[in-house]
Amino acid sequence: MAAAAAAAAASVASQAQAVLRGRLCDQAVVHAALRSSPDTNYSKLKYLVASSVSEACNNSVLLLGPRGCGKAAVVDMVLDDLKKEHPDAISVIRLNGMLHSDDNCATKASSDDNTEFMIDMLRECGLAHKTIIFVLEEFDLFAQGKQRLLYSLLDAMQSLTSQAVVIGVSCRLDADQLLEKRVRSRFSHRKLLFVPSSVDSLQRLMEHLLALPEDSPLPTKYVREYNARSIFNDKKFKGILSSLTDADATTSHILRFLVVSYMDIDSGLLSMQSFMNALSSMQRQPKMDSLQDLSILELYILVCMNRLEDKEKSSYNFITIMKEYKSVQDAYKTSDKYSHTVCFRAFEHLLDRELISFADNKGRNQALEYRPVKLLISSRELAESLKLNTTCPAVLQKLLDRERYM
Amino acid sequence: MSQPVTPRRTTRSSASASPSPAPASPTSPPKSRPKPSPRRQLLAAAAAPPKEDGSPADALLAELPGRRAQAMDLLRFLAPAPALPLMLHGGAATGKTRALLLALRHLRPSQRLVYAALRSLPSPRALFASLLSQLSATPFSTSSRHRVPDKPSDFVAALRDALTGVVSHGEVVYLVFDNLEVVRSWDKGGQLLPLLLRLHDLLQLQQVVLVYVSSATPDAYYSMTGSVEPNYVYFPDYTVDEVRDILMHDHPNPKLYSSFLSVALKPLFRVTRRVDELSAVLEPLFRRYCEPLGDLKAVPDEGMKRRLFEHVQSHLAVALNETFSVPMRASMDEIKDGGSAGKGSAKRQFAGKDGLSSELEFHMSVSAKYLLLSAFLASRNPATLDAALFDSTGGLDNRKRKRKSSQASMHMKDTIVEEMLMKGPGTFPLERLLAIFQCITSVSEDILDEIDCSDNMASESGTTGLMSDVLLQLSTLCNSNFLSKSRSCPLEGSARYRSNIDEDLALKVARSVNFPLSKYMYRR
């Protein structure tokens with residue numbers, strides 16, 4: 001009986017996880033909160049586009065803000081709403097700067113036919129009282145090169161007969177400064193700025209996302225018990241949230257955090273511990289991690305390189321490092337004296353791990369031993385990792401410390 | 001960045017595999033295998049549905065020793081259909097791909113796996129073609145396009161078409177991009193990388209799960225215009241105990257092997273922590289270890305352990321100092337068809353053999369040896385000293401050298417030494433090489449004359465014999481990477497050469513022809 005009950009609980013928990021995962025991965029759910037409040041970018045954009053649709057005029061707007069703040073989601077939501085309201089007065093053309101900037105520019109460059117075609121098309125649509133909405137994602141990439149696409153698009157919109165809205169979406173806050181003068185003068189300088197949300201609103205968002213909806217197929221008793229937990233008002237939780245937002249307060253960052261943390265639910269209920277675990281796993285430092293993975297010989301080479309850098313050598317290569325290594329080995333008579341080739345392999349491992357790199361791209365045909373290299377880690381990081389490494393010989397620590405305090 | 005490293009790597013693994021197949025312990029990650037076939041098997045297995053229903057996670061964990069936390073994370077991240085993108089990162093040979101493919105196999109019902117190892121798809125076009133062809137294998141595919149899209153926009157459109165076809169049947173598609181780090185060195189990698197990383201946003205398909213596998217750390221993918229971050233799973237290198245477990249797996253005589261590992265593993269582990277390299281070194285060592293034993297099934301007692309340890313100790317010291325061991329025959333082949341060998345591999349072999357294999361023979365003609373030596377001298381010595389070193393007496397003008405060094409201030413000397421270290425071997429034109437070659441061959445004839453007073457005629461003919469097809473020898477040496485031909489000098493217009501051999505090898509060659517090389521080397 002008990003086993004069956006436990007299995008049932010587990011399946012409920014996994015069902016709940018599936019529901020939560022669905023909610024977290026659905027952009028519409030994530031940004032639904034924007035829809036309700038009056039003074040958001042959502043309502044501004046909707047008003048702008050809706051008015052230009054109903055008044056049959058041209059318009060252009062830029063949505064700017066860092067990645068992961070919901071710009072594209074807002075555009076999607078607005079367009080969905082408008083499509084419902086005016087089912088046959090809108091047609092949407094989506095262009096992505098990453099995909100289309102070259103192609104379109106290339107076709108534009110070949111002839112002016114396309115421009116004329118576009119003007120004709122805009123006129124036709126205008127006569128049919130149909131608004132074309134251009135969504136230009138990665139707007140800054142369209143601004144590279146000659147900006148022919150932008151120019152022809154915005155120029156075509158100057159005529160009275162056309163009826164179009166251009167929505168540019170970019171993560172570069174200076175995207176409008178990238179425009180040429182001729183393009184900028186045709187652009188209406190409407191900008192909607194997206195900023196990462198405040199801690200409070202993020203907390204509300206988390207509560208919203210991690211709540212199980214009442215109409216889910218899960219047992220109502222479980223849902224009620226789950227939703228009753230007031231983990232979000234805990235002091236500790238606020239601490240976690242603030243340390244998370246100190247690094248990155250965009251919505252997508254929070255989403256990743258939630259995805260990591262909700263997975264640890266074993267009992268089916270949220271626990272503080274899972275949030276803590278998720279936080280620590282989000283705050284990994286990949287360089288430090290890979291420093292911990294090094295063998296003793298590789299650490300020796302790093303320390304030698306660090307010594308060379310402290311001696312203010314302008315540039316050095318593997319041969320110089322080996323000289324230093326030899327002198328260290330001669331001075332301390334350690335057991336870690338290895339041959340040239342073995343050291344070279346360790347050196348290559350370091351290159352592979354990208355803890356060191358070649359200082360320049362010149363001399364590709366030169367032998368690797370002679371190409372100048374540089375460290376990609378700071379001496380502080382190296383010292384810290386030596387301290388954390390339990391197998392590290394004391395000599396290494398000494399070698400690193402001595403040069404720092406002498 | 002990783003470009004110059006790659007060819008070396010392949011030669012290393014193939015060379016280590018050539019004498020005897022790697023000790024294919026089934027637990028070692030696929031990276032360690034010389035051939036991609038095991039990975040391909042895994043792929044096929046991962047694409048197929050699991051045989052028995054509800055195979056517990058324990059089976060998966062048993063196949064991934066030392067990777068428990070990572071496997072559990074993978075299962076959680078990948079499990080139900082809608083999932084955010086995922087990136088697996090960690091050093092080479094840490095079992096990233098293997099863990100991923102096994103976890104995907106473990107995850108149950110209808111799922112499709114589209115796997116693209118970017119290392120074997122060297123251009124965006126090849127990548128696009130591979131992805132689309134893997135997807136269009138389904139009978140329901142509506143987008144059986146014959147033309148491979150080479151523009152990103154066409155590709156994304158085609159990919160979306162193909163994926164929606166699959167997804168609409170309720171299947172979950174896992175798109176796996178392996179070896180993501182190599183894209184950075186591609187021609188258009190700067191444009192392709194954001195495209196691949198933003199595929200989740202571009203496709204907007206819930207049932208498509210993107211997985212990236214990279215040996216570079218996540219910060220390698222940060223771009224100027226902000227980045228979309230996937231969730232990360234970090235694969236650390238194996239610890240000593242984990243490596244021991246992996247190596248012990250399925251060994252016929254675990255007692256003997258564990259006593260061997262307790263001796264050999266720790267010191268080797270200080271040098272390298274990569275399982276593939278360790279297993280390659282340990283395998284011949286274990287054969288050595290077993291040599292005194294008649295019966296390989298024997299369970300060793302304390303006394304025997306000590307005896308075996310003393311036996312293997314010297315071999316262990318040797319093994320610590322070589323990157324890979326090649327039996328004599330193989331190294332000969334390497335020299336003969338050295339053209340196929342990767343850059344510097346032959347050189348490294350010799351250097352690796354340094355000190356332990358005095359029996360190593362050079363199957364090289366005498367004139368080639370002299371040519372090699374003269375190239376070495378031409379690369380190491382400053383051209384201005386040629387006249388002093390190779391004057392008619394053939395000896396070295398000690399007086400002149402001394403004066404020179406006393407004149408130079410210490411500081412100047414230091415900077416020159418520094419420069420030489422940084423620049424490596426210098427380049428030289430063909431004329432200088434031939435001049436030095438002529439000098440040293442005549443010198444050696446002189447020495448021979450002094451020693452056995454052979455008649456003049458023979459030595460004369462010998463010299464001309466040595467000079468006969470020098471250019472042929474030169475191209476042979478270039479092909480086998482002892483010399484490298486660098487870009488032609490813009491002023492002179494002729495090709496310049498550089499010697500790739502190190503001093504140890506040069507001395508060894510000199511010894512084999514009884515040439516007093518050290519007399520001619522300019523010491524700073």
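What follows is a short talk on a predicted model with chains A and B.

Hi everyone, thanks for coming. Please keep in mind throughout that this is a predicted model. I'll go through the chains, then the cores, then some helix pairs, and end with a few single residues.

Let's begin with the chains. Chain A has 406 residues, and 37% of them are buried. Its secondary structure consists of 21 helices and seven strands. Chain B has 524 residues, with buried residues again making up 37%, and here we find 24 helices and eight strands. For those of you who like contact maps: take the contacts in chain A between residues at least 6 apart in sequence, and 78% of them join residues at least 24 apart. For chain B, that share is 76%.

Now the interior. In soluble globular proteins, nonpolar side chains tend to be buried together. So which residues have the most contacts inside the largest nonpolar core? They are A:Ile167, B:Leu100, B:Val114, B:Tyr174, B:Val176 and B:Val211, in a core of 98 residues. Helix H7 of chain B, residues 152–167, gives the largest share of this core, seven residues. Apart from that core lies another one, of 53 residues, and among its members are A:Leu297, A:Tyr316, A:Tyr338 and B:Phe260.

Let me stay with B:Val211 for a moment. Setting aside residues up to four places away in sequence, B:Val211 touches B:Leu86, B:Leu100, B:Tyr174, B:Leu175 and B:Val176. Of these partners, B:Leu100, B:Tyr174 and B:Val176 were also on the list of residues with the most contacts inside the core.

B:Leu100 brings us to the helix pairs. In chain B, helix H4 (residues 68–78) and helix H5 (residues 96–106) have axes that come within 10 Å and cross at roughly 50°. An angle of that kind is neither under 35 degrees nor in the 65 to 115 range, so H4(B) and H5(B) are oblique to each other. The crossing of H4(B) with H5(B) is right-handed. From H4(B), the contact uses B:Gln70, B:Ala71, B:Leu74, B:Leu75 and B:Leu78, and from H5(B) it uses B:Ala99, B:Leu100, B:Ala103, B:Leu104 and B:His106. Sorted by class, that contact has eight nonpolar and two polar residues, and no charged ones.

Further along chain B, helix H10 (residues 240–248) meets helix H11 (residues 254–271); their axes come within 10 Å and cross at roughly 140°. That angle makes H10(B) oblique to H11(B), and this crossing is right-handed. Who makes the contact on each side? H10(B) supplies B:Val240, B:Val243, B:Arg244, B:Leu247 and B:Met248, while H11(B) supplies B:Pro254, B:Tyr257, B:Ser258, B:Leu261, B:Leu265, B:Lys266 and B:Phe269. The classes here are nine nonpolar, one polar and two charged residues.

Over in chain A, helix H17 (residues 296–310) packs on helix H19 (residues 340–353) at about 80°, with the axes 9 Å apart. These two helices are therefore roughly perpendicular to each other. The residues in contact are A:Leu297, A:Glu298, A:Ile301 and A:Leu302 of H17(A), with A:Cys343, A:Ala346, A:Phe347, A:His349 and A:Leu350 of H19(A). By class, we have seven nonpolar, one polar and one charged. You may recall A:Leu297 from the core of 53 residues.

Now for some loops. B:Val183 sits in the loop between strand E3 (172–178) and helix H8 (189–197) of chain B. Is B:Val183 buried or exposed? It is buried, because 25 other C-beta atoms lie within 10 Å. Beyond its neighbours within four places in sequence, B:Val183 is in contact with B:Leu118, B:Gly189, B:Leu192 and B:Leu193.

Finally, two residues to look at if you check backbone torsions. A:Glu138 has phi near 50°, a positive value in a residue other than glycine. A:Glu138 lies in the loop between strand E3 (131–137) and helix H8 (139–142) of chain A, and counts as buried because it has 23 C-beta neighbours inside 10 Å. B:Gln204 also has a positive phi, near 55°, and belongs to the loop between helix H9 (199–203) and strand E4 (208–214) of chain B. With 11 C-beta neighbours inside 10 Å, B:Gln204 counts as exposed.

That's my tour. Thanks for listening!

Conventions. Residues numbered from 1 in each chain as written. Chains lettered and ligands numbered in written order. Predicted model: local features only at pLDDT ≥ 70, side-chain atom pairs only at ≥ 80, totals over all residues. Core = buried A, V, L, I, M, F, W, Y, C linked by C-beta atoms within 7 Å. Buried ≥ 20, exposed ≤ 12 C-beta atoms within 10 Å, placed from the backbone. Helix = DSSP H or I, 4+ residues; strand = E, 2+ residues; numbered from the N terminus. Contact = placed C-beta atoms within 7 Å. Axes fitted to C-alpha atoms, helices over the stretch in contact; angles between N-to-C directions. Parallel < 35°, antiparallel > 145°, perpendicular 65-115°, else oblique. Left-handed = near helix turned anticlockwise from the far one by under 90°. Nonpolar A, V, L, I, M, F, W, Y, C, P; charged D, E, K, R; others polar.
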